Amino acid sequence: MDDSPTQQAQQGLSYTDNLIGTLLAIFGSVIVSISLSVQKYSHVKLAGTKGQRTFNQTKTWWSGFVFICVGEGANFVSYAFAPIAVVAPLNAVSVLTSSILGFLFLREKYKAKDFAKNHGLAFLGYVVIIGGTYLFVSFGPNSHEKLQAENIVKHIVGWPVLLYLLLEIIAFCLLLYFYKQHSANYLVIILLLVALLGSVTVITVKAVSGMLLFTLEGSMQLNYPIFSVMFVCMVASVIFQARFLSQACNLHDPSLAACVNYIFSTVSAVVAGAIFYLEFQNEDVLHICMFLLGSALCFLGVFLVTKHRKNAKIFEPYVTMDMAKGVPTIHDNGLVVQPDFNGSFSYGALVNNDGVAPATLPVNLEHPAVTVRGTNAPPGQPNLKTE
(Lines give C-alpha, C1' and ligand atoms only; values in the text may rest on other atoms or scores of the structure.)
Protein backbone atom coordinates (compact mmCIF):
# COMPACT_ATOMS: atom_id res chain seq x y z
CA MET A 1 0.00 0.00 0.00
CA ASP A 2 1.45 3.35 -1.01
CA ASP A 3 1.94 6.16 1.46
CA SER A 4 -0.64 8.89 1.46
CA PRO A 5 0.30 12.34 0.12
CA THR A 6 0.32 13.69 3.69
CA GLN A 7 2.80 11.05 4.83
CA GLN A 8 4.98 11.64 1.79
CA ALA A 9 4.96 15.37 2.53
CA GLN A 10 5.94 14.71 6.14
CA GLN A 11 8.77 12.43 5.04
CA GLY A 12 10.01 15.05 2.60
CA LEU A 13 9.92 17.64 5.35
CA SER A 14 11.83 15.28 7.66
CA TYR A 15 14.56 14.74 5.06
CA THR A 16 14.84 18.48 4.54
CA ASP A 17 15.08 19.18 8.26
CA ASN A 18 17.65 16.41 8.70
CA LEU A 19 19.72 17.84 5.89
CA ILE A 20 19.59 21.32 7.41
CA GLY A 21 20.53 20.01 10.84
CA THR A 22 23.37 17.89 9.46
CA LEU A 23 24.85 20.76 7.46
CA LEU A 24 24.57 23.09 10.45
CA ALA A 25 26.33 20.56 12.69
CA ILE A 26 29.15 20.04 10.16
CA PHE A 27 29.51 23.79 9.68
CA GLY A 28 29.57 24.37 13.43
CA SER A 29 32.20 21.68 14.03
CA VAL A 30 34.48 23.07 11.32
CA ILE A 31 34.12 26.66 12.54
CA VAL A 32 34.82 25.69 16.16
CA SER A 33 37.97 23.82 15.11
CA ILE A 34 39.19 26.80 13.10
CA SER A 35 38.44 29.21 15.94
CA LEU A 36 40.38 27.11 18.45
CA SER A 37 43.34 27.04 16.07
CA VAL A 38 43.13 30.83 15.70
CA GLN A 39 43.09 31.31 19.46
CA LYS A 40 46.01 28.94 19.88
CA TYR A 41 47.91 30.91 17.25
CA SER A 42 47.16 34.07 19.22
CA HIS A 43 48.59 32.56 22.42
CA VAL A 44 51.72 31.32 20.65
CA LYS A 45 52.30 34.64 18.93
CA LEU A 46 51.82 36.55 22.17
CA ALA A 47 54.24 34.26 23.99
CA GLY A 48 56.97 35.19 21.51
CA THR A 49 56.71 38.92 22.20
CA LYS A 50 58.18 40.97 25.04
CA GLY A 51 55.06 43.08 25.58
CA GLN A 52 52.83 42.93 28.64
CA ARG A 53 49.57 42.46 26.74
CA THR A 54 47.27 39.65 27.75
CA PHE A 55 45.59 37.32 25.28
CA ASN A 56 42.20 39.04 25.59
CA GLN A 57 43.74 42.28 24.33
CA THR A 58 44.54 40.86 20.91
CA LYS A 59 42.25 41.04 17.89
CA THR A 60 43.23 37.53 16.84
CA TRP A 61 41.96 35.98 20.06
CA TRP A 62 38.68 37.88 19.91
CA SER A 63 38.15 36.87 16.30
CA GLY A 64 38.58 33.26 17.39
CA PHE A 65 36.09 33.83 20.20
CA VAL A 66 33.54 35.21 17.74
CA PHE A 67 34.01 32.17 15.51
CA ILE A 68 33.47 29.89 18.53
CA CYS A 69 30.17 31.61 19.27
CA VAL A 70 29.11 31.21 15.64
CA GLY A 71 30.10 27.54 15.54
CA GLU A 72 28.47 26.65 18.85
CA GLY A 73 25.36 28.55 17.78
CA ALA A 74 25.17 26.45 14.62
CA ASN A 75 25.58 23.26 16.67
CA PHE A 76 22.84 24.42 19.02
CA VAL A 77 20.38 25.14 16.21
CA SER A 78 21.18 21.83 14.48
CA TYR A 79 19.53 19.91 17.32
CA ALA A 80 16.23 21.63 16.51
CA PHE A 81 16.25 20.13 13.00
CA ALA A 82 18.05 16.78 13.12
CA PRO A 83 17.84 13.87 15.57
CA ILE A 84 20.40 13.58 18.34
CA ALA A 85 21.61 10.29 16.86
CA VAL A 86 22.69 12.14 13.71
CA VAL A 87 24.11 15.31 15.28
CA ALA A 88 26.11 13.77 18.15
CA PRO A 89 28.44 11.53 16.08
CA LEU A 90 29.26 14.50 13.85
CA ASN A 91 31.71 15.64 16.53
CA ALA A 92 34.13 13.42 14.62
CA VAL A 93 34.22 16.19 12.01
CA SER A 94 35.71 18.48 14.64
CA VAL A 95 38.45 15.94 15.41
CA LEU A 96 39.11 15.54 11.68
CA THR A 97 39.30 19.28 11.06
CA SER A 98 41.54 19.93 14.07
CA SER A 99 43.95 17.22 12.97
CA ILE A 100 44.13 18.56 9.41
CA LEU A 101 44.69 22.12 10.62
CA GLY A 102 47.42 20.98 12.98
CA PHE A 103 49.09 19.09 10.15
CA LEU A 104 48.95 22.13 7.86
CA PHE A 105 50.32 24.49 10.50
CA LEU A 106 53.32 22.24 11.20
CA ARG A 107 54.58 22.60 7.63
CA GLU A 108 56.96 19.71 8.07
CA LYS A 109 58.83 18.28 5.10
CA TYR A 110 59.14 14.53 4.82
CA LYS A 111 60.28 12.02 2.31
CA ALA A 112 57.57 9.75 0.99
CA LYS A 113 58.65 6.86 3.22
CA ASP A 114 58.90 9.00 6.35
CA PHE A 115 55.60 10.71 5.57
CA ALA A 116 53.78 7.39 5.31
CA LYS A 117 55.39 6.23 8.54
CA ASN A 118 54.57 9.36 10.54
CA HIS A 119 51.17 10.28 9.10
CA GLY A 120 49.83 7.09 7.53
CA LEU A 121 47.55 6.24 10.44
CA ALA A 122 46.20 9.77 10.58
CA PHE A 123 45.27 9.79 6.89
CA LEU A 124 43.72 6.35 7.23
CA GLY A 125 41.69 7.77 10.09
CA TYR A 126 40.54 10.64 7.86
CA VAL A 127 39.21 8.19 5.28
CA VAL A 128 37.51 6.04 7.89
CA ILE A 129 35.84 9.05 9.52
CA ILE A 130 34.54 10.32 6.18
CA GLY A 131 33.16 6.88 5.28
CA GLY A 132 31.58 6.38 8.69
CA THR A 133 30.02 9.85 8.60
CA TYR A 134 28.43 9.11 5.25
CA LEU A 135 26.96 5.85 6.56
CA PHE A 136 25.41 7.08 9.79
CA VAL A 137 24.07 10.24 8.16
CA SER A 138 22.54 8.28 5.27
CA PHE A 139 21.07 5.50 7.41
CA GLY A 140 20.42 7.47 10.58
CA PRO A 141 16.94 8.02 12.02
CA ASN A 142 14.65 10.26 10.02
CA SER A 143 12.27 11.19 12.82
CA HIS A 144 10.58 14.55 12.69
CA GLU A 145 8.78 15.84 15.76
CA LYS A 146 7.71 19.36 16.57
CA LEU A 147 9.04 19.88 20.07
CA GLN A 148 6.25 21.79 21.70
CA ALA A 149 6.20 22.06 25.46
CA GLU A 150 3.35 19.56 25.72
CA ASN A 151 5.27 16.96 23.71
CA ILE A 152 8.36 17.33 25.89
CA VAL A 153 6.29 16.88 29.05
CA LYS A 154 4.75 13.72 27.58
CA HIS A 155 8.23 12.34 26.92
CA ILE A 156 9.39 13.07 30.48
CA VAL A 157 6.46 11.42 32.27
CA GLY A 158 6.75 8.21 30.23
CA TRP A 159 7.95 5.25 32.27
CA PRO A 160 10.92 4.39 29.96
CA VAL A 161 12.30 7.91 30.41
CA LEU A 162 11.71 7.90 34.16
CA LEU A 163 13.47 4.55 34.49
CA TYR A 164 16.32 5.77 32.30
CA LEU A 165 16.74 8.95 34.36
CA LEU A 166 16.66 6.96 37.60
CA LEU A 167 19.37 4.57 36.43
CA GLU A 168 21.45 7.48 35.15
CA ILE A 169 21.19 9.33 38.48
CA ILE A 170 22.20 6.20 40.41
CA ALA A 171 25.17 5.54 38.12
CA PHE A 172 26.28 9.17 38.31
CA CYS A 173 26.10 9.21 42.12
CA LEU A 174 28.10 5.99 42.40
CA LEU A 175 30.80 7.21 40.03
CA LEU A 176 30.96 10.58 41.78
CA TYR A 177 31.27 8.83 45.16
CA PHE A 178 34.27 6.76 44.04
CA TYR A 179 35.78 9.77 42.30
CA LYS A 180 35.52 12.08 45.32
CA GLN A 181 35.77 9.79 48.35
CA HIS A 182 38.22 7.18 47.06
CA SER A 183 40.24 9.45 44.74
CA ALA A 184 39.46 7.22 41.78
CA ASN A 185 40.95 9.55 39.18
CA TYR A 186 40.81 6.96 36.45
CA LEU A 187 40.18 8.25 32.95
CA VAL A 188 37.24 5.90 32.42
CA ILE A 189 35.46 7.08 35.57
CA ILE A 190 35.90 10.78 34.81
CA LEU A 191 34.77 10.41 31.21
CA LEU A 192 31.78 8.29 32.23
CA LEU A 193 30.74 11.23 34.42
CA VAL A 194 31.21 13.50 31.39
CA ALA A 195 29.15 11.17 29.20
CA LEU A 196 26.27 10.95 31.70
CA LEU A 197 26.19 14.73 31.94
CA GLY A 198 26.43 14.88 28.16
CA SER A 199 23.29 12.81 27.77
CA VAL A 200 21.43 15.39 29.88
CA THR A 201 22.99 18.14 27.81
CA VAL A 202 21.81 16.81 24.44
CA ILE A 203 18.30 16.11 25.76
CA THR A 204 17.94 19.62 27.14
CA VAL A 205 19.65 21.31 24.18
CA LYS A 206 17.27 19.65 21.75
CA ALA A 207 14.28 20.62 23.89
CA VAL A 208 15.37 24.25 24.33
CA SER A 209 16.37 24.73 20.69
CA GLY A 210 13.15 23.07 19.50
CA MET A 211 10.98 25.31 21.68
CA LEU A 212 12.92 28.40 20.59
CA LEU A 213 12.42 27.45 16.94
CA PHE A 214 8.72 26.89 17.55
CA THR A 215 8.52 30.29 19.23
CA LEU A 216 10.16 31.97 16.24
CA GLU A 217 7.57 30.32 14.02
CA GLY A 218 4.82 32.08 15.95
CA SER A 219 3.83 29.71 18.76
CA MET A 220 5.11 31.02 22.12
CA GLN A 221 6.78 28.28 24.16
CA LEU A 222 8.96 30.31 26.51
CA ASN A 223 6.26 30.88 29.11
CA TYR A 224 5.93 27.16 29.90
CA PRO A 225 7.67 25.96 33.10
CA ILE A 226 9.27 23.08 31.21
CA PHE A 227 11.31 25.57 29.17
CA SER A 228 12.84 27.08 32.31
CA VAL A 229 13.56 23.63 33.74
CA MET A 230 15.25 22.48 30.55
CA PHE A 231 17.25 25.69 30.24
CA VAL A 232 18.59 25.49 33.81
CA CYS A 233 19.48 21.81 33.41
CA MET A 234 21.22 22.59 30.12
CA VAL A 235 23.41 25.31 31.60
CA ALA A 236 24.27 23.28 34.72
CA SER A 237 25.14 20.13 32.77
CA VAL A 238 27.34 22.05 30.33
CA ILE A 239 29.28 23.71 33.17
CA PHE A 240 29.93 20.51 35.13
CA GLN A 241 30.63 18.57 31.94
CA ALA A 242 33.34 21.07 30.96
CA ARG A 243 34.78 20.93 34.47
CA PHE A 244 35.13 17.14 34.51
CA LEU A 245 36.51 17.12 30.98
CA SER A 246 39.14 19.68 31.94
CA GLN A 247 40.18 17.53 34.89
CA ALA A 248 40.46 14.50 32.62
CA CYS A 249 42.75 16.37 30.23
CA ASN A 250 44.90 17.62 33.12
CA LEU A 251 45.31 14.20 34.71
CA HIS A 252 45.66 12.10 31.56
CA ASP A 253 46.86 12.27 27.99
CA PRO A 254 44.61 14.81 26.20
CA SER A 255 44.65 12.82 22.95
CA LEU A 256 43.50 9.65 24.70
CA ALA A 257 40.92 11.65 26.64
CA ALA A 258 39.55 13.15 23.42
CA CYS A 259 39.19 9.71 21.81
CA VAL A 260 37.54 8.01 24.78
CA ASN A 261 35.32 11.02 25.45
CA TYR A 262 34.07 11.00 21.87
CA ILE A 263 33.14 7.33 22.08
CA PHE A 264 31.47 7.54 25.50
CA SER A 265 29.64 10.79 24.77
CA THR A 266 28.37 9.60 21.39
CA VAL A 267 27.05 6.32 22.77
CA SER A 268 25.42 8.12 25.69
CA ALA A 269 23.83 10.73 23.41
CA VAL A 270 22.49 8.15 20.95
CA VAL A 271 20.97 6.09 23.77
CA ALA A 272 19.44 9.23 25.30
CA GLY A 273 17.88 10.23 21.98
CA ALA A 274 16.56 6.72 21.40
CA ILE A 275 14.89 6.55 24.82
CA PHE A 276 13.76 10.13 25.36
CA TYR A 277 12.74 11.14 21.83
CA LEU A 278 12.11 7.62 20.42
CA GLU A 279 14.33 8.38 17.44
CA PHE A 280 14.67 4.76 16.28
CA GLN A 281 11.03 3.82 16.75
CA ASN A 282 10.17 3.66 13.04
CA GLU A 283 13.54 2.44 11.74
CA ASP A 284 14.09 -1.02 10.30
CA VAL A 285 16.89 -3.40 11.22
CA LEU A 286 18.98 -2.66 8.11
CA HIS A 287 19.06 1.07 8.75
CA ILE A 288 19.93 0.55 12.41
CA CYS A 289 22.76 -1.86 11.55
CA MET A 290 24.20 0.49 8.92
CA PHE A 291 23.95 3.37 11.37
CA LEU A 292 25.85 1.37 13.99
CA LEU A 293 28.46 0.42 11.40
CA GLY A 294 28.98 4.06 10.46
CA SER A 295 29.30 5.06 14.11
CA ALA A 296 31.80 2.26 14.73
CA LEU A 297 33.87 3.44 11.75
CA CYS A 298 33.89 6.96 13.20
CA PHE A 299 35.07 5.56 16.53
CA LEU A 300 37.90 3.74 14.76
CA GLY A 301 38.80 6.81 12.71
CA VAL A 302 38.96 9.06 15.76
CA PHE A 303 41.13 6.47 17.51
CA LEU A 304 43.56 6.39 14.58
CA VAL A 305 43.73 10.17 14.36
CA THR A 306 44.28 10.72 18.08
CA LYS A 307 46.73 7.82 18.28
CA HIS A 308 48.95 9.69 15.83
CA ARG A 309 49.32 12.63 18.21
CA LYS A 310 52.31 12.30 20.43
CA ASN A 311 52.62 13.60 23.95
CA ALA A 312 54.73 16.69 24.52
CA LYS A 313 58.23 15.60 25.43
CA ILE A 314 60.11 16.91 28.42
CA PHE A 315 62.80 19.40 27.42
CA GLU A 316 66.34 18.09 27.27
CA PRO A 317 69.48 20.17 26.85
CA TYR A 318 71.04 20.10 23.42
CA VAL A 319 74.32 21.02 21.81
CA THR A 320 74.88 23.16 18.71
CA MET A 321 78.11 23.51 16.77
CA ASP A 322 78.81 26.95 15.34
CA MET A 323 80.03 26.45 11.76
CA ALA A 324 82.00 29.69 11.74
CA LYS A 325 83.89 29.29 15.01
CA GLY A 326 83.70 25.53 15.55
CA VAL A 327 82.78 26.01 19.22
CA PRO A 328 80.16 23.77 20.85
CA THR A 329 77.51 25.50 22.98
CA ILE A 330 74.97 23.98 25.35
CA HIS A 331 71.39 25.30 25.52
CA ASP A 332 69.75 24.43 28.82
CA ASN A 333 66.32 26.11 28.56
CA GLY A 334 63.81 27.05 25.93
CA LEU A 335 60.90 25.76 23.90
CA VAL A 336 60.51 22.29 22.48
CA VAL A 337 60.68 23.56 18.91
CA GLN A 338 63.17 22.39 16.31
CA PRO A 339 65.07 25.40 14.86
CA ASP A 340 65.60 25.80 11.15
CA PHE A 341 69.00 25.07 9.70
CA ASN A 342 71.00 28.30 9.55
CA GLY A 343 74.62 27.31 9.55
CA SER A 344 74.75 25.20 12.69
CA PHE A 345 74.49 21.50 13.42
CA SER A 346 72.17 20.40 16.21
CA TYR A 347 72.57 17.34 18.39
CA GLY A 348 69.95 16.00 20.79
CA ALA A 349 66.31 15.02 20.79
CA LEU A 350 64.79 18.43 21.45
CA VAL A 351 66.13 21.86 20.69
CA ASN A 352 64.85 25.36 21.28
CA ASN A 353 64.73 28.51 19.19
CA ASP A 354 67.98 29.99 18.01
CA GLY A 355 67.18 33.23 19.83
CA VAL A 356 67.69 31.58 23.21
CA ALA A 357 70.99 32.53 24.79
CA PRO A 358 73.31 29.55 25.15
CA ALA A 359 74.65 28.49 28.50
CA THR A 360 78.37 29.03 29.02
CA LEU A 361 80.55 25.98 29.17
CA PRO A 362 82.71 25.20 32.21
CA VAL A 363 86.27 26.44 32.00
CA ASN A 364 87.71 22.99 31.57
CA LEU A 365 85.40 22.39 28.58
CA GLU A 366 85.83 25.65 26.72
CA HIS A 367 89.10 24.44 25.14
CA PRO A 368 88.80 20.70 24.78
CA ALA A 369 91.94 18.72 24.67
CA VAL A 370 93.10 17.35 21.35
CA THR A 371 94.91 14.04 21.27
CA VAL A 372 97.36 12.90 18.62
CA ARG A 373 99.00 9.57 18.08
CA GLY A 374 102.62 9.52 19.25
CA THR A 375 105.58 8.09 17.32
CA ASN A 376 107.34 6.11 20.10
CA ALA A 377 104.50 3.86 21.21
CA PRO A 378 105.21 0.19 21.75
CA PRO A 379 103.89 -2.19 19.13
CA GLY A 380 100.19 -2.91 19.54
CA GLN A 381 99.70 0.01 21.98
CA PRO A 382 99.12 3.59 20.72
CA ASN A 383 100.88 6.42 22.47
CA LEU A 384 98.54 9.40 23.01
CA LYS A 385 100.06 12.79 23.55
CA THR A 386 98.11 15.88 24.63
CA GLU A 387 98.88 19.22 23.10
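Tutor: Helices (H or I, at least four residues) and strands (E, at least two) are DSSP runs, numbered from the N terminus. This is a predicted model, in which local features need pLDDT of at least 70 and side-chain atom pairs count only at pLDDT 80 or more, while totals for chains, interfaces and linings use all residues. Residues are numbered from 1 along each chain as its sequence is written, and side-chain values use heavy atoms, with hydrogens and water left out.

Student: How many helices and strands does the chain have?
Tutor: The DSSP runs defined above are counted along the chain. The count gives twelve helices and five strands.

Student: Which share of the residues in the chain is buried?
Tutor: Buried means under 20% relative accessible area, exposed over 50%, and partly exposed in between (1.4 Å probe, protein chains only). Of the 387 residues in the chain, the buried share is 36%.

Student: Which share of the contacts with a separation of 6 or more joins residues 24 or more positions apart?
Tutor: Contact means heavy atoms within 4.5 Å. Among the contacts with a separation of 6 or more, residues 24 or more positions apart account for 72%.

Student: Where does Leu278 lie, and what is its phi?
Tutor: Leu278 lies in the loop between helix 10 (254-276) and helix 11 (285-308). Its relative accessible area is 38%, so Leu278 is partly exposed. Most residues other than glycine have a negative phi. Leu278 is not a glycine, yet its phi is positive, at about 55 degrees.

Student: Is Ser183 buried or exposed?
Tutor: Ser183 is found in the loop between helix 7 and helix 8. This residue, although not a glycine, has a positive phi of about 50 degrees. With a relative accessible area of 53%, Ser183 is therefore exposed.

Student: Which residue shares a side-chain polar contact with Ser199?
Tutor: Ser199 lies in helix 8 (residues 187-216) and is buried, because its relative accessible area is 0%. Leaving aside neighbours within four places in sequence, Ser199 is in contact with Tyr164, Glu168, Ser268 and Ala272. A polar contact is a pair of N or O atoms within 3.5 Å; within protein, one must be able to donate a hydrogen and the other to accept it, and residues adjacent in sequence count only if both atoms are side-chain atoms. At 2.3 Å, the side chain of Ser199 has such a contact with that of Glu168.

Student: Which residue has its backbone oxygen 2.9 Å from a polar atom of the side chain of Ser237?
Tutor: Ser237 belongs to helix 9 (residues 225-251) and is buried, because its relative accessible area is 4%. Beyond neighbours within four places in sequence, Ser237 is in contact with Leu197, Val200, Thr201 and Thr204. The backbone oxygen at 2.9 Å from the Ser237 side chain is that of Met234.

Student: How many disulfides are there?
Tutor: A disulfide is a pair of cysteine sulfur atoms within 2.5 Å. Cys69 is partly exposed, at 43% relative accessible area, and Cys233 is partly exposed too, at 34%. By the sulfur distance rule, the number of disulfides is zero.
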